[in-house]
Amino acid sequence: MSDVLANLDGPLVRIRNLKLEASTQRGTAHILRGVDLDIGRGRILGVVGESGSGKSSLASCLLRLLPGNITHLGGQIEFDGTDLLKLSDAAMAGWRGKRIAMIFQDPMTALNPLFTVATHLVDVLRRRQPGIAREDALLRARAALDSVGIADAELRLKAYPHQLSGGMRQRVMIAMALLVEPDLLLADEPTTALDATVEAQIVDLFESLRQKFSGSIVFISHHLGLVAQLCDDLCVMYGGTVVETGPVTEVLAHPRHPYTQALLACEIEADDHGGRLVSIPGEVQDPVAPHVACVFAPRCAYAVDACRSTVPALRDAGGARRVACIRFEEIA
Ligand SMILES: Nc1ncnc2c1ncn2[C@@H]1O[C@H](COP(=O)(O)OP(=O)(O)OP(=O)(O)O)[C@@H](O)[C@H]1O
Ligand SMILES: [Mg+2]
């Protein structure tokens, strides 16, 4: 049914007014405060923002894998004509690991230490193609390891996860995700646990996969430089909201939201200071705070009274760009 309804010209995923709330000792945490976002077909969308801005929570909503203290999940996640939030738990489970796959920051959270690489890869293939013969599955597993740049694939298939380096484990995770051939691949900080050289290799690998993988990728990262190199589109998040979206080159060349501008200035300053972390002055948004104003207003140099009393809509800023700031026309 969903395939019949699919509009192939539109985005793969259309997220509207996505809200996620949790109960905490301090009150209700507004983790996502009405996120609007499109994920284009066959495109790589980078999601950036400081720690706590809601990037991982967004990925969790797409997988509908949420912690126990969640009290409200509302809005729409329309995926090829199907609203994921309306699917039964059983139907949603059928989407995970088939149409939507995930690569985590720490591959050990997803790899079973008791199983060899071959077992992991064959399992993934069998989930997709239950009748596949073991020999055929092993051949495809070997080819998958080759395609993610793992030398001695034959030997590595027999290895257990702890016998591999961090970079190698992440390559195995990517190979598993590619065998699934999902429509949407979510990668949450897939390079953060790696040292800089291996990180660069993994980003190169993602780039080279572009020819082989026809699905869309959501690439969550703290690192604007990586996102600039890899992604087509950019989504900048802050305080559980999307503050700016658009083609990555346009947003980075001419950021319109004061938060994007501040984030970019930090990155440039960090480069000037030999990579030392530089941060935007002020406290990050408290998730328990009510949603009555622009989330960035307390830290924004351009904030006026109206910013402290109204929630800014994500507005058209020309072309495919959207900005959630009532003053973007004046300040950019
Ligand atoms: N289950 C939960 N209960 C209460 N608060 C939560 C829960 N999950 C997330 N939060 C809060 O929601 C906010 C967003 O968290 P999230 O992990 O999505 O951020 P993030 O952008 O992925 O950060 P990081 O870059 O550190 O990974 C944070 O303030 C976090 O403390
Ligand atoms: Mg996160």
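The surroundings of ligand 1 and the packing of several helices are described here for a predicted model.

Ligand 1 is surrounded by 16 residues, of which Ser51, Gly52, Lys55, Ser57 and Asn69 come nearest. Sorted by class, this shell consists of 9 polar, 4 nonpolar and 3 charged residues. Two elements of secondary structure, strand S1 (13-24) and helix H2 (55-63), each provide at least two residues of the shell. The largest contribution is that of H2, which supplies 3 residues.

Polar contacts to oxygen atoms of ligand 1 involve both side-chain and backbone atoms of the protein. In the side chain of Ser51, an N or O atom lies 2.5 Å from an oxygen atom of the ligand. For Ser57, the distance between a side-chain N or O atom and an oxygen atom of ligand 1 is likewise 2.5 Å. Ser53 takes part through its backbone, where an N or O atom is found 3.2 Å from a ligand oxygen atom. On its own, ligand 1 has 640 Å² of accessible area, and 69% of this area is covered by the protein.

Helix packing was examined for three pairs, beginning with helix H4 (residues 117-128) and helix H5 (residues 134-147). The axes of H4 and H5 are 9 Å apart, and the angle between the two helices is about 110°. H4 is therefore roughly perpendicular to H5, since angles of 65 to 115 degrees fall in that class. The crossing of H4 past H5 is right-handed.

H4 also packs with helix H7 (residues 166-180), the two axes coming within 9 Å of each other. Their crossing angle is roughly 20°, so H4 runs roughly parallel to H7. The limit for this class is an angle under 35 degrees. As H4 passes H7, the crossing is right-handed.

The remaining pair consists of H7 and helix H8 (residues 196-209), whose axes are separated by 10 Å. An angle of about 15° is found between H7 and H8, and H7 is therefore roughly parallel to H8. The crossing in which H7 passes H8 is right-handed. H7 thus takes part in two of the pairs described, with H4 and with H8, and is roughly parallel to its partner in each. H4, by comparison, is roughly perpendicular to H5 and roughly parallel to H7.

Terms used: Residues are numbered from 1 along each chain as its sequence is written. Chains are lettered from A and ligands numbered from 1 in the order in which they are written. This is a predicted model: local features need pLDDT of at least 70, side-chain atom pairs count only at pLDDT 80 or more; totals for chains, interfaces and linings use all residues. Side-chain values use heavy atoms; hydrogens and water are left out. A residue is near a molecule or strand if one of its heavy atoms lies within 4 Å of it. A polar contact is a pair of N or O atoms within 3.5 Å; within protein, one must be able to donate a hydrogen and the other to accept it, and residues adjacent in sequence count only if both atoms are side-chain atoms. Accessible areas come from the Shrake-Rupley method with a 1.4 Å probe; for residues, only the protein chains shown count as cover. Helices (H or I, at least four residues) and strands (E, at least two) are DSSP runs, numbered from the N terminus. Ala, Val, Leu, Ile, Met, Phe, Trp, Tyr, Cys and Pro count as nonpolar, Asp, Glu, Lys and Arg as charged, and the others, Gly among them, as polar. Axes are lines fitted to C-alpha atoms, for helices over the stretch in contact, and angles run from 0 to 180 degrees between N-to-C directions. Angles under 35 degrees count as roughly parallel, over 145 as roughly antiparallel, 65 to 115 as roughly perpendicular and the rest as oblique. A crossing is left-handed if the near helix is turned anticlockwise from the far one by less than a right angle, and right-handed if clockwise.
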